[in-house]
Amino acid sequence: ILTQYPACAESLDKYRINPGNVGFKEKRDLQFEVMIEKAIEYKKPVRIGVNWGSLDQDLFTKLMDENSLLKEPKSSEEILREALVRSALDSADHAEKIGLAADQIIISCKVSKVQELIAVYKELAKRSNYSLHLGLTEAGMGLKAI
């Protein structure tokens, strides 16, 4: 859409990319690259968002397979957190390799449990200097959402 409607691409303040939702296999990389190139062209920051529902399944499967070979495997929650962090950081690294400046990248990892959110963002802060957008999602109804 950014290529079909350049006025729209130019007028947006920031782009949001969820790498898990921009196509499959080779098409995913191509579509991601086009979005990053447009962000560079129009000097726009990009929020790279990763969440449970759109997690890179190939990465998650790889991490689960590696974990199963460990003498003391980690919990599935730990592997999910690592997959979120790696997916976001790998995508940010890819965006930088295309030419987007690091200070134009904002990372968002949305999860539904507060303690998981804290663990994911502590890890992101340890492993990168990107701006972080906190994203608690699907927290529940009523008191569960507080």
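A residue counts here as buried when its relative accessible area is under 20%, as exposed when it is over 50%, and as partly exposed in between (1.4 Å probe, protein chains only). By that yardstick Lys 97, at 66% relative accessibility, is exposed. The model is a predicted one, so local features need pLDDT of at least 70 and side-chain atom pairs count only at pLDDT 80 or more, while totals for chains, interfaces and linings use all residues. Residues are numbered from 1 along each chain as its sequence is written, and side-chain values use heavy atoms, with hydrogens and water left out.

First, the overall layout. The protein chain has 5 helices and 5 strands, taken as DSSP runs (helices H or I, at least four residues; strands E, at least two) and numbered from the N terminus. Read from that end, the order is α-β-α-β-α-α-β-α-β-β. Of the 146 residues in the chain, 37% are buried. Among contacts (heavy atoms within 4.5 Å) with a separation of 6 or more, 70% are between residues 24 or more positions apart. The chain exposes about 9,000 Å², with carbon and sulfur atoms supplying 53% of it; these areas come from the Shrake-Rupley method with a 1.4 Å probe, and for residues only the protein chains shown count as cover.

Helix α4 takes in residues 76-98. Its expected span is 1.5 Å times one less than its number of residues, so 23 residues should cover 33 Å, and the end C-alpha atoms are indeed 33 Å apart. Buried residues of α4 include Ile 79, Leu 84, Val 85 and Leu 89, along with several alanines, among them Ala 83 and Ala 95. After α4 comes Gly 99, with a positive phi near 130°.

Next, helix α2 and what comes after it. Lys 38 sits in α2 (residues 26-41) and, despite being a lysine, is buried at 18% relative accessibility. Beyond its neighbours within four places in sequence, Lys 38 is in contact with Leu 2, Thr 3 and Tyr 15. Lys 43, by contrast, is exposed, at 68% relative accessible area. Lys 43 belongs to the loop between α2 and β2 (46-51), and its phi is positive, near 55°, in a residue other than glycine.

Now for the charged pairs. Side chains of opposite charge can pair when their charged atoms come close. The whole structure holds 8 salt bridges, each being a side-chain nitrogen of Lys or Arg within 4 Å of a carboxyl oxygen of Asp or Glu. In helix α4, Lys 97 and Asp 93 are joined by one of them, at 3.1 Å from N to O. The two are 4 residues apart, about one turn of the helix, and Asp 93 is partly exposed at 35%.

In helix α3 (residues 57-68), Lys 62 and Glu 66 are likewise 4 residues apart, about one turn. Their closest N and O atoms are 3.7 Å apart. Lys 62 is partly exposed at 41%, and Glu 66 is partly exposed at 40%.

Helix α5 (residues 114-127) has Lys 126 and Glu 123, 3 residues apart and so separated by about one helical turn. Their side chains meet in a salt bridge of 3.6 Å, N to O. Lys 126 is exposed at 65%, whereas Glu 123 is partly exposed at 24%. Salt bridges with shared partners tie Glu 82, Arg 86, Glu 123, Lys 126 and Arg 127 into one network.
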